[in-house]
Every structure is written in structure tokens, then in C-alpha cells.
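Please work through the exercises below with the structure open beside you, and try each task before you read its solution.

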Amino acid sequence: MRCRRIVVIRGTVQGVGFRPFVYRTAVSRGLTGAVWNESGAVVVDVEGDSSSIEAFVRELRSGAPAIARVEAIDAREAEPAGRETFSIVESRPGETRHARLSPDLAACPACLGEMSDPADRRSRYPFINCTDCGPRYSIVRELPYDRPRTTMASFTMCEPCAAEYAEPSHRRYHAQPTACPDCGPRLTTVGLDSSEDPVGAAVRALRRGAILAVKGLGGFHLACDATNEAAVQTLRRRKARCAKPFAVMFPTLAALEQAARVGDEDRRSLASRRAPIVLLKRGLAAGLAPGVAPGLDELGAVLPYTPLHHRLLAEFSGPLVMTSGNRSEEPIVWDNQLALQTLGPIADAFLLHDRDIVTPSDDSVVRSFLGHERLLRRARGYVPDTLPLCVTGPGVFAAGGDLKSVFCLAREGTAVLSQHLGDLDTLEAQRSFETVREHLQRLFDVTPRAVAHDLHPDYHSTRLALDLGLPAVAVQHHHAHIASCLVDNGRNERVIGVAWDGAGFGPDGTIWGGEFLVADLDGFERAGRLRPVPMVGGDLAAREPWRLALAHAVEAGQPWPGTRSTKTELVEAMVRKRAHTTLTSSAGRLFDAVACLARLRETCSYEGQAAMELEAASLDLDMPPYPLPVIDGSLLELDARPTIAAVMADARRDAGPAVIGCRFHSALASAIEDACRLLRARSGIGVVALSGGCFQNARLAAQTVVRLESAGFEVLLQARVPCGDGGLALGQAAIATRRLFRQSLGRGPVL
Ligand code: ZN
Ligand code: ZN
Ligand code: FE
């Protein structure tokens, strides 16, 4: 029986080869009609016999292009019109307002197959791509996503490329960045013999131990032989990066599995078209230079994701350090001229190309635990995917925090987060924050009516938000963390929020960071905290764990066991007198203090180093947790004084960080359980949201979840958005949107 259906497919379905896929599927089933883009959706008007149509609709979901994200399919019946062919209808202008732009994607198997086929006209071509893969977000200047509005505009397609581009049944139909050796981007080198093949010359330099700057998808990497300790140390010295771990790119998954333990979830992340850096437990026969990730049992691993990486790694046939091409903590470098200037003092040679990058992005970083890929740094491959916000309202710009900066634009219930933009301390970082904001506002057609920012008055992000001159919502840091966790889980309700991190400004003027909040998107009540200790030296404390170790020791009535100097004497005196100190309830700083007392280190070269090393050193031992009593009261208080005394007793008998770390992590998980039980009895709430940078610690997160779940709680963790400060902006946006909504109803404070 002949039928006709109008099918609407919503999700990330534009710019991902969806229409050609629909065309091929319809034609192969002998159906007729048309497909077009409309208001961010793909619409198919299809007719034929009813069973073929049903199979066709099923295949829209099951057979969709790998990078498409089908969120909903609606079909309604219509009167058959008797058409005889199937066609792709061109996009009409004005239909792009709700278009969703795809992230940059790793090379697909079909393209890699062609690349390794000597007979293919794109054999060995390092810029091969198709509708299933290649650059997107990084090369788009404006929407709609068409070649003239990308940095491919300057490359005129040759005849064979143009023919593929125009052929609806071809994999490269409307593949905007399509190219071949005759018409597309080319490699060039600086500092290498230009008469040689660029990749071959680069590989020879790497074998000699050189530092190579390589232009990738979202910016430059600095690469060197990951098995050559001298090369790794040279890179550390020149980049002024003493100890922070480097990511390593392996030629193949098999090679990576020699060096690290890869679980099923990890394998999925590594092989995905998003191609993030995946944090993995190191294996025994690592063979990597010790300087790659000193002091840690984890390795940041990534597989080749651009065709150029595939060639480079295949020809080098060993692991390469691939770290962001920047000076420490500055934004990633993306422009050729800028790279030659900025990276000139670091790199011995450059492997460049002439496809420009509009929007730089670092590599994303994920770690899997408790059955989920969890983002630690959200950038290339994930941005600019949108997220549902749980609450709807007018345009909002949320500025996030100052470290691991990410901002959020929200409108009508949808949020888009910027890529990780680094720390906002430098002018370069602030400038790139502004540039990316203007760009994303244009791409997503968001006009902010209000801004949200952290409560901290001195944050750069706060100033950047207030400079817009719009109504402003100041959001407490830990409330934003919990709201981010709620939105990440698609929830809008009241929960017990455990927000543990390094530092966030509290409304009482102290530094918070070990917080229990009873919170929803409308507000929060501080229901508990770690007992505050005096902190000397403000932000210095993050780099100098001895300061908090000393303060905790003094508070616990213990003598300072560490190095003594006039500086420690002075700090001790200030702590005792509580003069020129700030109180802090920070859980992150407690971690640092315990790591220091476990004799791991007194100073750090990057924030969180001591805590990460304590996590790495901890073993699964059958030992009792340290005491960490929860003092009941209108504000619960976790008293770490007995914990510190017990840590120091263990340290005195040389128990070592494996034991101390084990007992300390279980003490924290157990105290969180105790506190949540008290808060449940008080509030009747049985859902706990865990957020804040401390829950990037997989040992702490896993133990806490196990304990809370066996105590009957439902536990929410973050996955799609970092639980660290990279997730703050999403929570701020939801809270501000809610505030605007209540205000529009005449409830809640006027902005
Ligand atoms: Zn492809
Ligand atoms: Zn061509
Ligand atoms: Fe935080």
C-alpha cells in the first residue's frame, strides 16, 4: 500500500552528512520524496510502500552517520503525492538560526583506508576528510556552515573534488572542508631540510631528540620522542613546565595497551571520533621516559586523530609526547606566525600547514570510572555540542571561574559551553576569552540579557562579565558546582550537595572548599563544612602545601615535623595568633596538607600535584580509616584535628604514603557518609550531588559513592561536564536563568 510520511529528525543532524545519508537510504529502499534542513532539524517527506517506509524510519536512527546525534524522530502521515524521484533540497537562508554546529572530529576509517591506498588520489594526503570526519568548529567563521564561511574558502576545489561535493550519493557530498593534494592545504616545514618530504624530515628530527611544533586540528602541539628522557627534559625546561604530566600519543591502540591498562570504557573513548586524551593506569612495561608523568601512576594517552598524526605516528612508529603548544598556562597557539614567534624558543623545528584555525581548542581530557566517561577538560571534539539546561529563559552569559576557565551561553533551555580557555591570569587568555565569547554568541545567535559570575569580587571572569553592563547575578562558587552537577544529570530538584574543591569565595568572606549544601537551582543553605583552619599567604597555599600542613598541625596541637626556617617560624606565629590569615574550610588544601605530612612534598609546581600524588601512592589495604568526627550542630562540622594527629603518628612510624593515603581517603568517604546521614534525617532528602575538583580523584569518588549507595542514597556525579571549575559556568547559567524566570513571575529578588 502506498503511503506518505513527513519525518522530522532533531538533534545534531546538520553539517554531519545527514541529508546524503537520508538520500542513500531512501533511494536504496526505492522510496521517493525529498529531504531538507529546517530550523535545526532535518525533514524528510517520503513516500512508498508502508513496510519500506517503516524500515526506512527505523534506519534513520540505527544507521545514522557516526557523528550525528539523533535526539528525536517524529513522523506524521500525509496524502501521497505520487512523486517519482528522491531529491535533496538546498537549505534556505534564515533556516540556520537553530542549526547546531558539529565539533571537530577524528579521521574516519573510510578516509584512513583511502589514505593508505597507493592507488587512491588522496593516498598519504594529510588533510583528507569527509562528511563523517575532519575539522568543523575550528574552521568556521560564520553560520550557515558552508565552505565560503570557513577557512577552506581560500582553496578552490579541483574538478574531481567539486564533482564529489555535488554528488548526493557520495560520501563527500557537501563535505565543506573536502580537499585533495591538487587543490587543498599543504604541509610546510621550518627548521628542516625543505627538499625532503615534510613528514619524513619531521620524523628524522624527532628520532634525533628534537622538539617539534606540529599544527593540529585546534592548535599547535609540541612533540618529542616519549621514550627519550633527554628530549622530554629539554621540553620541560624550555616550556617551563617542571612536573605537570605530558600527554602521549601512541601509534595504535595495540601499542598503547603495552604501556597502560585500558578498560572497555577507555577503549570506547580512545576510538571515538571525539578522540580525547584518556587518563589510564600505567602498566608495568611502560618503556616511556620517566619525565613524562613524574610521581603519578596515570598516563594521559591519546590516539592519532588527524590524518597528519596518523602519518607522523606511523612513520615514527613509537609514542610521542604531544603537549599543548603554549607557554605554561597560556592559551594554545593556533596561528602560524604566532607559533613561529611564541614557540620559536621552545621548538627546534616546525611542521606547518596552510589551513587556518579560527577557533583554537586544546585536547579534551577524560577519565572513566564507575562505568562512565567523565570529562576533566572539555574542549576539542566535545565543543560546541549543546546541553539541555533543565530550566528555560532568555539569553544568559555565565563567565565561569578564573582557573580552567570555561564560559557558558544559554538560551531557551539550551546551553553551550566554550572550550577550556586556560587560566585567566594573562592578558592573552582574557583576550581569547573575549574573542571566543563574541564568536560563540554569533554562531549560536545568543543575545545575553543577563550575566552570571562568581561571587569572588576580584576574579577576572567577574570583571569580564560585569563589563558587559547587563543585569548581573553573583553565584556562590560551591552552589554553582552543585547546580552544574544537577544540570549534568538532567535534574532540577533539592539535593544534599557535597562541594569539595581547592577554594571558592564564601559570602562570609572566608574561603570555602569542604562544603555540604542543601541546594537546588533557586538557592542553597550551607549545612556543613570542614572545620576551618587559618591560611597564610592566600593563593600561595595551593603551590606550597607546607603552609596548610603547618596550620593543620598547629590546630591539632602537634609539633611541626617538616623543614624549619625563618619563613615557617613566621607562618607558625601568624597561625597561632590568627594574624593576617584567612580561614579556609578547603578540602583540597586538607589533601595537600596530608600529602605533605605523609612526606610526599612540601611545595608543588602545579596546583593539586601533592593531592594527585597522594591518590597515586594510596594502596587498597585492609586498614581502618583515620578518625574524622562529624560534630552535629546547626552547621555540621567535620573535625580534621584527630585525622591530622593520626596521620602524623603514622608518619612518625614511617607508615608511608601508601598507608596514609589509604586511611585518609577512607576517612573522607566515611565522614561524607556520616554527614549525609545526618542531613537526610534533618531534611528528608535522599539524593546526594558530588561536585568540585576533589571528586576528580577517582579513589575518593568511588569510595564515597559505594558508601552512600549502600546507605540508601541516590548519588549524582558529573560526566559530560567537569566537576572542577571547568563546569562552574553551566551551574551559574542555570541558577541565573532560574532567577530571571522567578523574577518574571514577580517572585525573587529584582536584579
Ligand atoms: Zn572521513
Ligand atoms: Zn581536489
Ligand atoms: Fe571550585
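**Exercise 1.** Find where P384 lies in this predicted model, and determine which residue is joined to P384 by a cis peptide bond.

*Solution.* Begin with the position: P384 sits in the loop that runs between β16 (372–377) and β17 (386–388). Next, look at the bond itself, where V383 and P384 are joined by a cis peptide bond with an omega of about 10°. As background, most peptide bonds are trans.

**Exercise 2.** Locate E412 in the chain and state the sign of its phi.

*Solution.* E412 belongs to the loop between β19 (408–411) and β20 (414–417). Its phi is positive, at about 45°, although E412 is not a glycine. For orientation, most residues other than glycine have a negative phi.

**Exercise 3.** Identify the donors of the zinc ion (ligand 1) and decide what geometry their angles give.

*Solution.* The first step is to list the coordinating atoms, which are the SG atoms of C108, C111, C130 and C133, at 2.3 Å. The second step is to take the angles among these 4 donor atoms, which run from 104 to 119° and give a tetrahedral site; the ideal angle for four tetrahedral donors is 109.5 degrees. The third step is to read the donors along the chain, where their spacing is C-x2-C-x18-C-x2-C. Distant parts of the chain are linked in this way, since C108 is in the loop between β5 (86–88) and α3 (109–115) while C130, 22 residues apart from it, is in the loop between α3 and α4 (159–166).

**Exercise 4.** Carry out the analysis for the zinc ion (ligand 2): which residues coordinate it, and why is the arrangement called tetrahedral?

*Solution.* C158, C161, C180 and C183 each supply an SG atom, at 2.2 to 2.3 Å. The arrangement is tetrahedral because the 4 donor atoms subtend angles of 103 to 118°, and the criterion is that all angles lie between 85 and 135 degrees. Along the sequence, the donor residues of this zinc ion (ligand 2) show the spacing C-x2-C-x18-C-x2-C.

**Exercise 5.** Describe the site of the iron ion (ligand 3), and explain why its arrangement is irregular.

*Solution.* The iron ion (ligand 3) is coordinated through NE2 of H477 and of H481 and through OD of D501 and of D725, at 2.1 to 2.3 Å. Because the angles subtended by these 4 donor atoms extend from 91 to 170°, the arrangement is irregular. The spacing of the donors along the chain is H-x3-H-x19-D-x223-D. H477 lies in helix α13 (residues 477–488) and D725 in the loop between β31 (714–716) and α22 (728–744), so this pair ties together parts that are 248 residues apart in sequence.

**Exercise 6.** Work out how helix α19 (residues 641–652) is oriented relative to helix α20 (residues 656–683), and name the residues that make the contact.

*Solution.* The two axes come within 10 Å and cross at roughly 160°; α19 and α20 are therefore roughly antiparallel to each other, as angles over 145 degrees count as such. The crossing in which α19 passes α20 is right-handed. On the side of α19 the contact is made by T643, V647, D650 and A651, and on the side of α20 by V659, I660, R663 and F664. Sorted by class, the contact comprises 5 nonpolar, 1 polar and 2 charged residues.

Definitions and conventions
Residues numbered from 1 in each chain as written. Chains lettered and ligands numbered in written order. Predicted model: local features only at pLDDT ≥ 70, side-chain atom pairs only at ≥ 80, totals over all residues. Heavy atoms only, no water. Axes fitted to C-alpha atoms, helices over the stretch in contact; angles between N-to-C directions. Helix = DSSP H or I, 4+ residues; strand = E, 2+ residues; numbered from the N terminus. Parallel < 35°, antiparallel > 145°, perpendicular 65-115°, else oblique. Left-handed = near helix turned anticlockwise from the far one by under 90°. Contact = heavy atoms within 4.5 Å. Nonpolar A, V, L, I, M, F, W, Y, C, P; charged D, E, K, R; others polar. Donors = N, O, S within 2.8 Å, 3.2 Å for Na, K, Ca; no water. Tetrahedral: all angles 85-135°; square planar, octahedral: opposite > 155°, others 65-115°.
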